Amino acid sequence: MTDFTANDHAMMARALRLAERGIYTTRPNPMVGCVIAQGDEVVGEGWHQRQGGPHAEVFALEQAGDRAKGATAYVTLEPCAHTGSTGPCADALVAAGVARVVAAMRDPFPEVDGKGFDRLRAAGIAVESGLMEAQAEALNRGFLSRVRRGRPWLRIKLGCSLDGRTAMANGDSKWITGEAARADVMRWRARSGAILTGSGTVLADDPQLTVRFHDDTEFAPPLRVVLDTGLATIARGKVREGDAPTLYLHAPDAKPPREFAAERAPVALRDGELDLEAVLALLAARGINEVQVETGATLAGAFLRAGLVDELLFYMAPVLLGERARPLFDGLRIEQMAQRMQLRTVETRRVGDDLRLLLQPQPAVADA
């Protein structure tokens, strides 16, 4: 195992912070940062800013110029070795004469997957990998999920009361959480490749499902996805308004009217409902790295029962709605304590007057 120095850690931490700047604009590509250093002096740095644009290494090498020769390049992901919309970054590092490359992790994308490291080593460059790998994996969890598992990383966002209720019995849910929480949701939407909801939510709330920032933050509008088995929501307008694209996923035998102009795609059924695994596979094929689900208890419960939820984003307001209000999830069928679903707390943070919880479902463990 490589013994990385304190300076190595500091430089990689800097590269990871740079990578995160592309959180709203790089998809479907991963976020990548690069720092080029002579000892503890940074001579060049950059990050992948948007799909189709130069990669992080290119920006860093341009800034470093001749000082890249003999330097160490710190990159958050293995340099690419193939030609896509830009040339191979491994070749650029070789041409610049860097002496050492330290990567946080190997790139599992089939066209890279070790080939970048091989090309660097063949040119006599020292290559080390694994520095701050866990942080790099967390940063690009959506991209890695799509490449490794063939499905996007799935997050369910819910606003709830202290007693775990999401709306009154009549469906009224505006607003359980405060303005600060609603603004925070926009940042989570903006990092997502798709925002997914169900036909019931469209009929009840007619949501926009768009990113609405109050400043000039650049972002690529996420795809709005509506699961609508029979295309019952086509008369609803807000989910198709604005610049964000919309995709309707429906049963194979659904018959849209002639004037239905929105993009749509059929999905196989399972037990009379859209096959959720097939839904995610379809979105992965479209290059979607992260899906944020914003829906009611029925569809949220279905994703949870299917074991397809990677994280839960709860905004908990300091209010009580009572036992007649609507629950977070339907259909979990938990009848005994031994069947309880265990969640790992990833992060807790106060957002305005509300509490934000980021949780990850854990594998079931039988009681001793």
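## Exercises on a predicted model

Ala265 sits in strand β11, which spans residues 263-266. The model is predicted. Work through each task with the structure open.

### Exercise 1. Ala265 and its surroundings

**Task.** Find which residues Ala265 touches, leaving out residues up to four places away in sequence. Then decide whether Ala265 is buried or exposed.

**Solution.**
- Step 1. Take the contacts. Ala265 touches Leu247, Tyr248, Leu249, His250 and Leu282.
- Step 2. Check accessibility. The relative accessibility of Ala265 is 14%. The cut-off for buried is under 20%. Ala265 therefore counts as buried.
- Step 3. Take a long view. Ala71 is 194 residues from Ala265 along the chain, and the C-alpha atoms of the two are separated by 50 Å.

### Exercise 2. A loop aspartate

**Task.** Where is Asp275 found, and which residues does Asp275 touch, not counting residues up to four places away in sequence?

**Solution.**
- Step 1. Place the residue. Asp275 is in the loop between β13 (273-274) and α9 (276-285).
- Step 2. List the contacts. They are Val267, Ala268, Leu269 and Arg270.
- Step 3. Classify it. Asp275 has 12% relative accessibility and counts as buried.

### Exercise 3. Three salt bridges

**Task.** The whole structure has 23 salt bridges. Take the pairs Arg14 with Glu45, Arg155 with Glu290, and Arg189 with Glu294. For each, give the N to O distance, the elements joined and the burial.

**Solution.**
- Step 1. Start with Arg14 and Glu45. Their side chains meet at 2.7 Å, N to O. Arg14 is in helix α1 and Glu45 in strand β2 (residues 41-47), so this pair ties together parts 31 residues apart in sequence. Arg14 is partly exposed at 33% relative accessibility. Glu45 is partly exposed too, at 22%.
- Step 2. Go to Arg155 and Glu290. The N to O distance in this salt bridge is 3.1 Å. Arg155 belongs to strand β6 (residues 153-160) and Glu290 to strand β14 (residues 290-293); the pair links distant parts of the chain, 135 residues apart. Arg155 is buried at 0% relative accessibility. Glu290 is buried at 4%.
- Step 3. Finish with Arg189 and Glu294. The closest N and O atoms are 2.7 Å apart. Arg189 lies in helix α7 and Glu294 in the loop between β14 and α10 (297-305), so the bridge ties together parts 105 residues apart in sequence. Arg189 is buried, at 8%. Glu294 is buried, at 9%.

### Exercise 4. From network to cavity

**Task.** Which residues are linked with Arg155 in a network of salt bridges? Then find which residues are closest to the centre of the largest cavity.

**Solution.**
- Step 1. Trace the network. It links Arg141, Arg155, Arg191, Glu290 and Glu311.
- Step 2. Turn to cavities. The structure holds one cavity of 30 Å³ or more. The largest cavity has a volume of about 110 Å³.
- Step 3. Inspect the lining. It has 13 residues, and the closest to the centre are Arg27, Met31, Arg191, Asn289 and Glu290.
- Step 4. Sort the lining by class. Five residues are nonpolar, five polar and three charged.
- Step 5. Compare the lists. Arg191 and Glu290 appear in the network and among the residues closest to the cavity centre.

### Exercise 5. The second largest pocket

**Task.** Describe the second largest pocket by volume, lining and residue class.

**Solution.**
- Step 1. Give the volume. The pocket holds about 770 Å³ of space.
- Step 2. Find the centre. The lining has 30 residues, and Glu20, Ala138, Leu139, Arg141 and Arg191 are the closest to the pocket centre.
- Step 3. Name the elements. Those giving two or more residues to the lining are α1 (6-19), α5 (133-139), α6 (141-149), α7 (179-190), β17 (343-351) and β18 (354-361).
- Step 4. Sort by class. The lining has 12 nonpolar, three polar and 15 charged residues.

### Exercise 6. Cysteines

**Task.** How many disulfides does the whole structure hold? Check Cys34 and Cys80.

**Solution.**
- Step 1. Recall the term. A disulfide is a covalent bond between the sulfur atoms of two cysteines.
- Step 2. Count. The search finds zero disulfides.
- Step 3. Check Cys34. The nearest cysteine sulfur is that of Cys89, 8.4 Å away. Cys34 is buried, at 0% relative accessible area.
- Step 4. Check Cys80. The nearest cysteine sulfur is again that of Cys89, at 3.7 Å. The cut-off is 2.5 Å. Cys80 is in no disulfide. Its relative accessibility is 6%, so Cys80 counts as buried.

Conventions. Residues numbered from 1 in each chain as written. Predicted model: local features only at pLDDT ≥ 70, side-chain atom pairs only at ≥ 80, totals over all residues. Heavy atoms only, no water. 1 Å grid on protein atoms, 1.4 Å probe; cavity = no way out; pocket = protein on both sides within 12 Å on 5 of 7 lines; lining within 4 Å. Points joined across faces, edges and corners; volume = space filled by probe spheres on them. Helix = DSSP H or I, 4+ residues; strand = E, 2+ residues; numbered from the N terminus. Nonpolar A, V, L, I, M, F, W, Y, C, P; charged D, E, K, R; others polar. Salt bridge = Lys/Arg side-chain N within 4 Å of Asp/Glu carboxyl O. Buried < 20%, exposed > 50% of the residue type's maximum accessible area, 1.4 Å probe, protein only. Contact = heavy atoms within 4.5 Å.
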